[in-house]
Amino acid sequence: RPGPGQMSSIYFDNQLPISEPGSVRCVAWSKGEETPLLAIAEGSCVRIFREEGEELEDYKQQGRVACTALCWHPVSKVLCAGWEDGSITFTGPQSGGAREDREVHRDAQILCICFNP
């Protein structure tokens, strides 16, 4: 058990159905819950997996352009994805359905996403 100020890591060796290892552009682990989720952007497709490797097919997103940034909400299981064309999408188990915003960052690639807790 790590002491104060020390961190530990747990690694899982589960194969994910990725077309080729070099095609993954972004990854993001959800935080703060018992069942973490992994989001992977592979080209214009964003997929969500449980830590055992099971894909949550209901939340798969297929964009018109490549996904350039991923970030999980710090409290809810809501995934924010940024895209090359400036659009931002919100999806995931607690999102209440997919939502997209294309107007705010129109014609500018999304490079980074952060939530203000």
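1. In what follows, a polar contact is a pair of N or O atoms within 3.5 Å, where one must be able to donate a hydrogen and the other to accept it. By that criterion the side chain of Ser-87 makes a polar contact with the side chain of Asp-85, at 2.8 Å. The reader should keep in mind throughout that this is a predicted model.

2. Ser-87 itself is placed in the loop between S6 and strand S7, the latter covering residues 88–91. Although Ser-87 belongs to a loop, its relative accessibility is 2%, and because buried means under 20%, Ser-87 counts as buried.

3. As to the overall architecture, the secondary structure comes to zero helices and eight strands, so that the order of elements from the N terminus on reads β-β-β-β-β-β-β-β. The protein has 117 residues, of which 35% are buried. Where contacts between residues at least 6 apart in sequence are considered, 37% of them join residues at least 24 apart. The protein exposes about 7800 Å², and carbon and sulfur atoms supply 49% of that area.

4. The largest nonpolar core has 14 residues, and those with the most contacts inside it are Val-46, Ile-48, Cys-67, Leu-70, Trp-72 and Leu-79. Two or more residues of this core are given by each of strand S1 (24–29), strand S2 (37–42), S3, strand S5 (67–72) and strand S6 (79–83). A second, separate core consists of six residues, including Ala-69, Cys-71, Cys-80 and Ile-88.

5. Leu-79 deserves a look of its own. With neighbours within four places in sequence left aside, Leu-79 is in contact with Val-46, Ile-48, Leu-70 and Trp-72, among others, and these four are also listed with Leu-79 among the residues with the most contacts inside the largest core. The other contacts of Leu-79 include Ala-39, Cys-71, Thr-89, Phe-90 and Thr-91.

6. Is Arg-47, a residue of strand S3 (residues 45–50), buried or exposed? At 9% relative accessibility, Arg-47 counts as buried, because the cut-off for that class is under 20%. The side chain of Arg-47 makes a polar contact with the side chain of Glu-55, at 3.1 Å. Leaving aside neighbours within four places in sequence, the residues in contact with Arg-47 are Pro-17, Ile-18, Leu-38, Ala-39, Ile-40, Glu-42, Glu-55 and Lys-60, so Glu-55 appears both in this list and as the polar partner of the Arg-47 side chain.

Methods
Residues are numbered from 1 along each chain as its sequence is written. This is a predicted model: local features need pLDDT of at least 70, side-chain atom pairs count only at pLDDT 80 or more; totals for chains, interfaces and linings use all residues. Side-chain values use heavy atoms; hydrogens and water are left out. Buried means under 20% relative accessible area, exposed over 50%, partly exposed in between (1.4 Å probe, protein chains only). Contact means heavy atoms within 4.5 Å. A nonpolar core is a set of buried Ala, Val, Leu, Ile, Met, Phe, Trp, Tyr and Cys residues joined through side-chain atoms within 4.5 Å. Helices (H or I, at least four residues) and strands (E, at least two) are DSSP runs, numbered from the N terminus. Accessible areas come from the Shrake-Rupley method with a 1.4 Å probe; for residues, only the protein chains shown count as cover.
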